[in-house]
Amino acid sequence: MMRDGYVARWRGDEYEVSPDGDDMRLYSTQPRDGFEEIRRDRYRRTVPADEVSEFVYVRTTCYWRGEPFIMLGEHDSWLRVEYTGGKAPVAAELSLEEFDFGVYQGWVPAAEVTDVREQRV
């Protein structure tokens, strides 16, 4: 499973979260007590930030063709990745597109990705 975003622990469970000043908006894909349905399979509850026992940023990293990447998204058997090696010639050799100055991204076959790890910051 690929994750890239904030998560928080509240009442023993971990949720995708969006900080909002002194509050945290918790999100769930299943109905839960006190959560409102905001669209199909998406539920939200706002709680005071001081009720959250853990608040971190989670990123999924991997290697593709021996180079380091962050996983940004997935579709079918493809992954959207961003190169973190910092070498423009390597990015060009891998046929990555320059998304922004010095930021290289591309779609790669999921089957070719190795060493997938979740980093908590």
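User: In which loop is the place of Ser95?
Analyst: This is a predicted model, in which local features need pLDDT of at least 70, side-chain atom pairs count only at pLDDT 80 or more, and totals for chains, interfaces and linings use all residues. Residues are numbered from 1 along each chain as its sequence is written, and side-chain values use heavy atoms, with hydrogens and water left out. Helices (H or I, at least four residues) and strands (E, at least two) are DSSP runs numbered from the N terminus. Ser95 belongs to the loop between helix 1 (88-93) and strand 9 (97-100).

User: Is Ser95 buried or exposed, and what is its relative accessible area?
Analyst: Ser95 is not a glycine, yet its phi is positive, near 60°. Most residues other than glycine have a negative phi. By relative accessible area, buried means under 20%, exposed over 50% and partly exposed in between (1.4 Å probe, protein chains only). Ser95 is exposed, at a relative accessible area of 65%.

User: What is the phi of Arg65?
Analyst: Arg65 sits in the loop between strand 6 and strand 7 (67-75). Arg65 is exposed, with a relative accessible area of 56%. Although Arg65 is not a glycine, its phi is positive, at about 55°.

User: How far apart in space are Thr61 and Gln119, C-alpha to C-alpha?
Analyst: Thr61 is part of strand 6 (residues 54-64). Contact means heavy atoms within 4.5 Å; outside its neighbours within four places in sequence, Thr61 has contacts that include Phe69, Ile70, Met71 and Gln119. Thr61 and Gln119 are 58 residues apart in sequence, while their C-alpha separation is 7.1 Å.

User: Which residue in the hairpin of strand 4 and strand 5 takes a positive phi?
Analyst: Two strands count as paired if DSSP finds at least two bridges between them. Strand 4 (residues 36-39) and strand 5 (residues 42-48) are antiparallel over 3 bridges, and Glu36 faces Arg44 in strand 5. The hairpin has 2 residues between the strands, and the positive phi, near 60°, belongs to Asp41.

User: Which residue is the bridge partner of Ser28 in strand 5?
Analyst: Strand 3 (residues 23-28) runs antiparallel to strand 5, and 6 bridges join the two. Within strand 5, Ser28 has as its bridge partner Tyr43.

User: What is the radius of gyration of the chain?
Analyst: The chain contains 1 helix and 11 strands, in the order β-β-β-β-β-β-β-β-α-β-β-β. The globule rule (2.2 Å times the number of residues to the power 0.38, for a radius taken over C-alpha atoms) gives 14 Å for 121 residues. The chain is well over that value and so more spread out than a compact globule, with a radius of gyration of 17 Å.

User: What spans does the C-alpha trace have along its principal axes?
Analyst: Buried residues account for 34% of the 121 residues in the chain. Of the contacts between residues at least 6 apart in sequence, 48% join residues at least 24 apart. Along the principal axes, the C-alpha trace spans about 50 × 30 × 25 Å.
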